[in-house]
Amino acid sequence: MNIQPLLARRTEGLRPSPIRKLNPLMRIPGMISLGGGYPNAETFALTSMEVVFKSGRKLQIRDKSMDLACQYGPTDAHADLKPHIIQWHSAKDGVELKGDQIQVLNGAQEGLHTMAYLFLDEGDSVALSEPAYPGAMAAFRAFTQRFLPVPLDAQGMITTELERLLAKRKAAGESLPKFIYEVPNGNNPAGVSLSLERRSHLLQLASKYNLLILEDDPYQLVQLEDRNLLPTIQSLDTEERVLRLDSFSKIFAPGLRLGYASGQADIIRYFQLYKQGSNLHTSAMDQALLAGFLASHSHEEFRALVRENCKIYRRNRDAVLAAAKRVLPPDIRYNIPQAGMFLWFELPERFDTDRMMELDGVELGIILLPGSAFSTTGGLKNHMRASFSMILPEQAEEGMMRFFRMIERERKRTGGEGL
Ligand SMILES: Cc1ncc(COP(=O)(O)O)c(C=O)c1O
């Protein structure tokens, strides 16, 4: 697909950095470079580092590898990391990426911001399932306030609703969204995953209306049941409409801020142009740590470690679900998440969860996130998100008891009978 007509006007000013262009030339053996303004490696404050991974294997960074990890590096990826990402992506998703289809990011979050920067002019809109990840809305809101929310159910975004919405806008001569944003696995906050049928339908709609899809998939491997992964939307795409964001936050370490965008080389080129002006490149040291990990752990070993970690999340989910079943009244509805870290509660219509948190949260000693944080309009006030990622299973019963007390206080305030 040709992205040129969709780009935001501000991208017209993006130019390749003359200094960054020199970077590959400086690596040609025998080259005498007076070009780049890089600090001399002899001045770096670090000489060596040893990292011990959970598997017990060690990574030594020293000498030339330390210089590289401390020095400015290429914008797209640390040279050692890119081949690993290509292999990782191919083994995980069955998609073979070329070198110019990858941009390493400071987490998927940077990808959300970059997509918004590249494609959203004021007045443009984004279609997305609601409830939606607040971090994505924050990234998009820096450029536009217009969202086209699509409801979701246990199978993820209801794509027939999206179809209706797009057809209606087209018939009325209204502008179409610049892209469709979707979290296909373990949706934050709804906990649901997009069915295979709807993944295909989404692509059909994108093709029919000439739209991009932003596939934000940080919970892909945070699977809570033993079942095969569904194909990614990108892997089903034959028209290069999908810009996919992978994140190492939930499977490696979030504080390192590592993720990558993949997709059409033309979009990735714009990602690079923008990153040259925003932060030059993702930390070379963090990339070196990931590259070192991927070099010493096979794909199967990494996946096995992630599966082991998922057992912690499954244990927590089951503890919270069991407690919720025992303690919560029948008019509190919730999904059973198959992936991710979140339970999404629906409370009686008249409940105001912002008020509940404000008046009772601290006093009762319980925190859940009010639904309004996940709404494009400040609605969804009778919903709440509970994250079970960090809870200790033995806290689950008490946590749900406190939630119950909070619910009953609100019930009284809104004129309902206490249970
Ligand atoms: C749906 C979704 N997208 C993106 C992110 C950001 O991920 P990263 O840490 O890779 O920036 C999160 C973090 O919680 C998330 O839930």
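Which residue in β14 does phenylalanine 345 stand opposite? The answer is methionine 384, and that pairing is a handy way into this chain. What you're looking at is a predicted model, so take everything below as read off a prediction. The chain is divided into domain 1 (4-38 + 72-296) and domain 2 (302-413), and there's a ligand with 13 residues around it. Here's the tour, topic by topic.

**Two domains and where they touch**

- Domain 1 is in two pieces, residues 4-38 and 72-296, while domain 2 covers 302-413.
- Taken over C-alpha atoms, the centres of the two domains sit 29 Å apart.
- Domain 1 puts 24 residues into the contact, and domain 2 puts in 22.
- On the domain 1 side, the elements giving two or more residues are α5 and β5 (146-153).
- That side of domain 1 breaks down into 15 nonpolar, seven polar and two charged residues.

**Around the ligand**

- Of the 13 residues surrounding the ligand, the closest are Gly107, Ala108, Gln109, Ser247 and Ser249.
- Helix α4 (residues 107-119) supplies the largest share of this shell, with three residues.
- Sorted by class, the shell holds seven polar residues, five nonpolar ones and one charged one.

**The eight-stranded sheet**

- Eight strands make up an open sheet with mixed pairing, and the order to trace is β3-β10-β9-β8-β7-β4-β5-β6.
- The edges are β3 (102-105) and β6 (156-157); each has a single partner strand, so one side of each has no neighbour in the sheet.
- At the β3 edge, four bridges tie β3 to β10 (residues 259-262), and the two strands run antiparallel.
- If you want a pair to click on there, glutamine 103 stands opposite alanine 261 in β10.
- As a reminder for reading any such sheet, side chains in a regular strand alternate between the two faces.

**Strand β12 and its partners**

- Strand β12 (residues 342-346) is mostly covered, with four of its five residues buried.
- It pairs antiparallel with β11 (residues 333-334) through two bridges.
- Its pairing with β14 (residues 383-387) is also antiparallel, this time through five bridges.
- Phenylalanine 345 shows up in both pairings: it is the bridge partner of tyrosine 334, and it stands opposite methionine 384 in β14.

**Cis prolines**

- Which two residues does the cis bond with omega near 10 degrees link? They are glutamate 130 and proline 131.
- Proline 131 lies in the loop between β4 (125-130) and α5 (134-141).
- A cis peptide bond also joins asparagine 188 to proline 189, with omega at about 20 degrees.
- You'll find proline 189 in the loop between β7 (179-182) and α7 (196-208).

**Positive phi angles**

- Aspartate 63 isn't a glycine, yet its phi is positive, at about 50 degrees.
- This aspartate 63 belongs to helix α2 (residues 63-70).
- Is aspartate 63 buried or exposed? It counts as exposed, because it has just 10 C-beta neighbours inside 10 Å, and the cut-off for exposed is 12 or fewer.
- Leucine 280 is another non-glycine with a positive phi, about 65 degrees.
- Look for leucine 280 in the loop between α9 (265-278) and α10 (284-296).
- Leucine 280 has 15 C-beta neighbours inside 10 Å, so it counts as partly exposed.
- Glycine 365, just after α12, takes a positive phi of about 75 degrees.

**A helix that comes up short**

- Helix α12 (residues 353-364) spans only 14 Å between its end C-alpha atoms.
- A straight helix of twelve residues, at 1.5 Å a residue, would span 16 Å.

**Glycine 35**

- Glycine 35 sits in the loop between α1 (23-26) and β1 (48-52).
- Since glycine 35 has 14 C-beta neighbours inside 10 Å, it counts as partly exposed.
- Leaving out residues up to four places away in sequence, glycine 35 touches Leu22 and Met26.
- From glycine 35 to arginine 62 is 27 residues in sequence and 26 Å in space, C-alpha to C-alpha.

Terms used:
Residues numbered from 1 in each chain as written. Predicted model: local features only at pLDDT ≥ 70, side-chain atom pairs only at ≥ 80, totals over all residues. Near = placed C-beta within 6 Å. Nonpolar A, V, L, I, M, F, W, Y, C, P; charged D, E, K, R; others polar. Buried ≥ 20, exposed ≤ 12 C-beta atoms within 10 Å, placed from the backbone. Pairing = 2+ DSSP bridges. Expected span 1.5 Å × (residues − 1). Domains from an automatic or database assignment. Contact = placed C-beta atoms within 7 Å.
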